[in-house]
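Colleague: Before I rely on the labels attached to this model, I would like to hear what each of them rests on.

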Amino acid sequence: MNINKILSAFAIIIATIIVSCGGGLETDQVYTTPKPTPAPNATTLKSAATFPIGNIVSANRLSGSDNNFTSLLNKEFNSITAENDMKMGAMFTGQNTYDFSRGDAIVAYAKANGFRVHGHALVWHASIPTWLKNFTGTNAEFEAQVKGYIKATVAHFALAKTTDGKSVVASWDVVNEAFTNEALAGPFYAKLGSDYVAKCFTWAKEANSEVKLFYNDYNLDSQTSKVKSVVDMVADFKKRAIPIDGIGSQMHVGYSYPDIATISNTLSPLVGTGLLIHFSELDMSVNRDLVLTSFTAERSNAQKEKYKSIAVLYKTIPSAQRFGITFWGVRDNDSWLRGWPVVTEYEWPLLFDSNYGYKAAYTGFLEGLK
């Protein structure tokens with residue numbers, strides 16, 4: 001028998017064994033087409049965009065041993081949002097008592113590495129510390145605690161300055177997701193009254209007149225009734241001279257829904273307010289119905305094109321109103337969507353895979369920016 005044929009057959013057998021023993025733990029590394037890997041001198045997201053490009057961080061992640069995370073973060077992004085470390089539940093530890101240490105660590109990293117910080121979020125019904133949720137004082141005493149917390153927090157994080165004298169923390173989501181049944185049934189509405197959102201914005205501006213103040217919510221990419229509620233709130237705020245600078249549309253979208261026409265239609269009245277527009281928590285589910293057990297080339301390409309369309313759409317906003325686009329995670333396996341609505345490893349919503357590899361989604365978004 002020809003020795004070359006023997007060696008060739010042996011190589012095929014060995015390759016088959018290696019592939020079959022791979023374990024399959026990191027399913028988001030399964031690609032049927034090559035992953036795009038930009039050259040080291042390729043254009044980055046932050047250099048291609050004319051507005052800030054952000055991502056989420058935690059103090060532990062920034063100080064941890066995963067240098068790949070910080071290297072990629074520093075290379076591609078120039079704005080950061082604390083995923084949890086700067087929420088009320090993390091900082092408001094007791095009556096008139098605060099722990100800003102994790103937020104301070106994030107701000108120090110941002111200052112040292114040239115990042116803008118977007119504060120998230122001062123008031124959210126889903127991030128209220130247990131002691132405040134169970135507060136037994138009067139409504140006036142409850143209000144005094146919330147007012148004190150907002151003013152102390154905003155004033156504290158206004159202290160860190162860039163070399164040109166601007167605050168590193170440039171903005172805050174003052175209130176998050178107020179137009180939900182959960183918020184209406186929550187303690188802020190019950191104890192601060194129906195006008196609690198306006199109160200929170202007023203207190204934040206009193207603490208720092210320069211910081212940009214945002215209202216942030218989900219489904220502003222598709223739900224016309226919620227969009228109307230936000231637009232009406234902004235009009236009311238303007239009429240009463242309540243300070244507000246921007247609207248955060250979270251943009252947790254899917255690869256097929258909402259389509260770009262729907263996103264564009266709901267974006268239009270938000271832009272019409274004249275406020276800053278922030279795509280504040282962008283990610284894109286590709287397997288919500290859990291029909292896939294590997295990330296197919298077809299689904300990868302659909303995600304790529306949708307990310308490209310979103311970047312193009314954002315550029316239609318007047319330049320003076322573009323606050324930036326923030327992604328809600330770096331790698332697929334870090335995404336909250338792997339735990340919601342069910343725990344699954346079969347979801348690939350972000351620009352980078354579990355090994356920090358550049359996905360087609362990255363290429364599509366970059367093309368859209370260009």
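What follows is a conversation about the terms and the values behind them.

Modeller: This is a predicted model, in which local features need pLDDT of at least 70 and side-chain atom pairs count only at pLDDT 80 or more, whereas totals for chains, interfaces and linings use all residues. Residues are numbered from 1 along each chain as its sequence is written, and side-chain values use heavy atoms, with hydrogens and water left out.

Colleague: How many helices and strands does the chain have, and what makes a run count as one?

Modeller: The chain has 15 helices and twelve strands; these are DSSP runs, numbered from the N terminus, with H or I over at least four residues for a helix and E over at least two for a strand.

Colleague: Why is Lys306 called buried?

Modeller: Buried means under 20% relative accessible area, exposed means over 50%, and partly exposed lies in between, with a 1.4 Å probe and protein chains only. Lys306 has a relative accessible area of 5%, and therefore it is called buried. Lys306 belongs to helix 14 (residues 297–314), and among the residues it touches, leaving out those up to four places away in sequence, are Tyr255, Pro258, Ile263 and Met284; contact here means heavy atoms within 4.5 Å.

Colleague: What makes the approach of the Lys306 side chain to the backbone oxygen of Gly254 a polar contact?

Modeller: A polar contact is a pair of N or O atoms within 3.5 Å; within protein, one must be able to donate a hydrogen and the other to accept it, and residues adjacent in sequence count only if both atoms are side-chain atoms. The backbone oxygen of Gly254 is 2.7 Å from a polar atom of the Lys306 side chain, and that side chain also reaches the backbone oxygen of Tyr255 at 3.5 Å.

Colleague: How do you know that Arg116 has no salt bridge?

Modeller: A salt bridge needs a side-chain nitrogen of Lys or Arg within 4 Å of a carboxyl oxygen of Asp or Glu, and Lys and Arg count as positive, Asp and Glu as negative, while His and the chain ends are not counted. For Arg116, which is buried, the nearest side chain of opposite charge is Asp173, at 9.9 Å. Arg116 lies in strand 5 (residues 116–119), and a polar atom of its side chain is 3.0 Å from the backbone oxygen of Phe323.

Colleague: What makes helix 15 mostly covered?

Modeller: In helix 15 (residues 360–369), eight of the ten residues are buried, among them Tyr362, Phe365 and Leu369. Their cover includes strand 1 (53–57), strand 11 (276–285) and helix 14.

Colleague: What is unusual about phi at Glu177, and is that residue buried or exposed?

Modeller: Most residues other than glycine have a negative phi, and most peptide bonds are trans. Glu177 has a positive phi of about 60° although it is not a glycine, and at 11% relative accessibility it counts as buried. Tyr356 has a positive phi near 65° and, with a relative accessible area of 11%, is buried as well.

Colleague: Which peptide bonds are called cis, and what is omega there?

Modeller: The bond joining His120 and Ala121 is cis, with omega about -15°, and the bond from Trp340 to Pro341 is cis with omega near 0°. Ala121 sits in the loop between strand 5 and strand 6 (123–124), while Pro341 is in the loop between strand 12 and helix 15.
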